[in-house]
Amino acid sequence: MTEFIEKHPVKIILLVCALIFIANLDVIYVNIMEARNFVTAREMIQNHNWVLTTMNDYPRYEKPPLPTWLTALSAMVFGVHNLFALRLPAALSAIVLVFFFYKTVLLINSNKKLSFYTALILPTSFYIIFSGRNGQWDIFTHSFMVISIYFLIKMLKFDQLKWGNALLSGLFFGCSFLSKGPVSLYALWLPFLIAYGIVYRNELKRKHILPFVSLLLLGLAIGASWFVYVRYADPQSFMEIATEEAGNWTSYNVRPFYYYWSFFTQSGIWTLPAFVALLYPYLKNRVSNKRHYTFAFMWTMASVVLLSFIPEKKSRYLLPVLIPMAFNTAFYIEYLVNHFNNIKKGERFPVYFNFGLIALIGIAFPIGGFIFLKDKLSGHYPSFILTAILLFAIGAGIVFFLRKKDTEKVFYLTIGFVIVILLVGFPLANTFNTNEEFNNINTLETSLPLYSLGEPAPEMIWHLGHSAPEIQHGGHLNIPTEEEFGILVADDKKDELKRIFEKDYSIDYKEKYDINYTANPKDRAYKARLTSSYYIIKKK
């Protein structure tokens, strides 16, 4: 089995990625970031707002449009409200990222097994999984940048097709910029240049300067094109949004410099191996190639340090760090596979602890999972039973091969553990949809014009199926001109509704919509913003 895997690395990588990123893609309900993006994609299709992008009929220039274009095209083929279709471009982008990073690592070190380990660690890292299965744009910008880096390395290593590789690198650099601005340039590309320039500086020649400058200019020209157009087509809205976004970098979610220094935990199941792999003094003389390991380590740390300088910090901003960190972690996995029988007992402890914990979870799941979910399993028993059997078998297999000190099979079983959860167990997530007062706004049918008072949650607009423009937006009140219309009102705006309309209009309450899937009104996790009351307003 191991020989078959090693003979067909690309096929195995693509299969693993397909099972991780595409299976059960439409199970989880839409979150706030996705709702914003999906509404923008829907309004592209419905209102032809392909360049001057909108959300709920108001300008939305916070993010460049390339991922939204791709999502809108998928929606046009498979359906505007088809969740699988809307998330599919992000999933395919994640697969492309893994494939090209495999090719990049192979280009750097020519070690097929190390590159293969890297390409299995990357898609099974927690935040890579999350981003690849969500309609968020982070995965696009970093995927395009990995492709750009791949062609940049080819340009540096090979004189043949040097200019062609430079132009391709510039093209995908521009695509990355058109996906989320300079985020990946700063967090992935610049750390790569720092690490590459230090470790492989002898490979950098004067003949590379002109192609490099050309790819950079091409990339910046492509990336800036949309921003320049919008700046002149809608200058007021663009400047207001740009000013607010710039202010967020220094005043919103501000965290201390050291906030990101538990970054390795974002790799999820690889947390402990990733941590050990970052112990450079310990591992540098144990790995198969010290120079390449130094490069992977420096790329990872440069990314963390640069991100730490930005005042605004969020866990999801660590996504680019996980890419070189998978390469760095693979050196430790390779070391364990080749030398586990000969290392000291103290060095084996992290291995037994990490993979033993995974095995324990698998073995305990049939009983523990049933105790935890027994009141919610109605209609989900087939998924639960199959998940329990497979996780138990994988857990037992990990224990068996740990005892035999066969860490390579333990590694592959760990990949299988993640696949089983996403392929078979993921539908069990629906057992947490327990809000007894859930009332989806997609049931609202009216022939009246529809507006909103108080900024409606993006999820609400998404489920509604069309826009409901705010009558109070940007501090300006615009009373609808119609004699009769519907209005969605946030809980904290009900008094404002009366103040605005009760003198000249009749106010008729109709229904309250609640799209909290997993929390009841008395629960701490309940979000009032996910509720909205529907009224009909009629002129007296």
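Trainee: Let's start with one residue: is Cys-175 buried or exposed?

Mentor: Buried means under 20% relative accessible area, exposed means over 50%, and partly exposed is in between (1.4 Å probe, protein chains only). Cys-175 has a relative accessible area of 15%, so Cys-175 is buried. Cys-17 counts as buried too, at 1%. Keep in mind that this is a predicted model, where local features need pLDDT of at least 70, side-chain atom pairs count only at pLDDT 80 or more, and totals for chains, interfaces and linings use all residues. Residues are numbered from 1 along each chain as its sequence is written, and side-chain values use heavy atoms, leaving out hydrogens and water.

Trainee: How many disulfides are there?

Mentor: A disulfide is a covalent bond between the sulfur atoms of two cysteines. The rule here asks for a pair of cysteine sulfur atoms within 2.5 Å, and the count comes to zero.

Trainee: Okay, helices next. Which residues of helix 21 are buried?

Mentor: Helices (H or I, at least four residues) and strands (E, at least two) are DSSP runs, numbered from the N terminus. An α-helix has 3.6 residues a turn, so residues three or four places apart point the same way. In helix 21, residues 494-501, the buried ones include Leu-497, Ile-500 and Phe-501. They cover an arc of only 75° around the axis, so they sit on the same side of helix 21. That arc is taken from the directions from the helix axis to the C-beta atoms. Asp-495 and Arg-499 are exposed on the other side of helix 21.

Trainee: What do the buried residues of helix 21 pack against?

Mentor: Contact means heavy atoms within 4.5 Å. Their partners include strand 3, strand 6, strand 7 and strand 8 (531-539).

Trainee: In what order do the strands of the open sheet run?

Mentor: Two strands pair if DSSP finds at least two bridges between them. The four strands go 3-6-8-7, with mixed pairing. Strand 3 (450-453) and strand 7 (505-514) stand at the edges with a single partner strand each, so one side of each has no neighbour in the sheet. Strand 3 pairs with strand 6 (residues 484-489) in the parallel sense over four bridges. In strand 6, Leu-488 is the bridge partner of Ser-452.

Trainee: And which residues have the most contacts inside the largest nonpolar core?

Mentor: A nonpolar core is a set of buried Ala, Val, Leu, Ile, Met, Phe, Trp, Tyr and Cys residues joined through side-chain atoms within 4.5 Å. The largest has 125 residues, and those with the most contacts inside it are Phe-21, Phe-263, Phe-295, Phe-327 and Phe-411.
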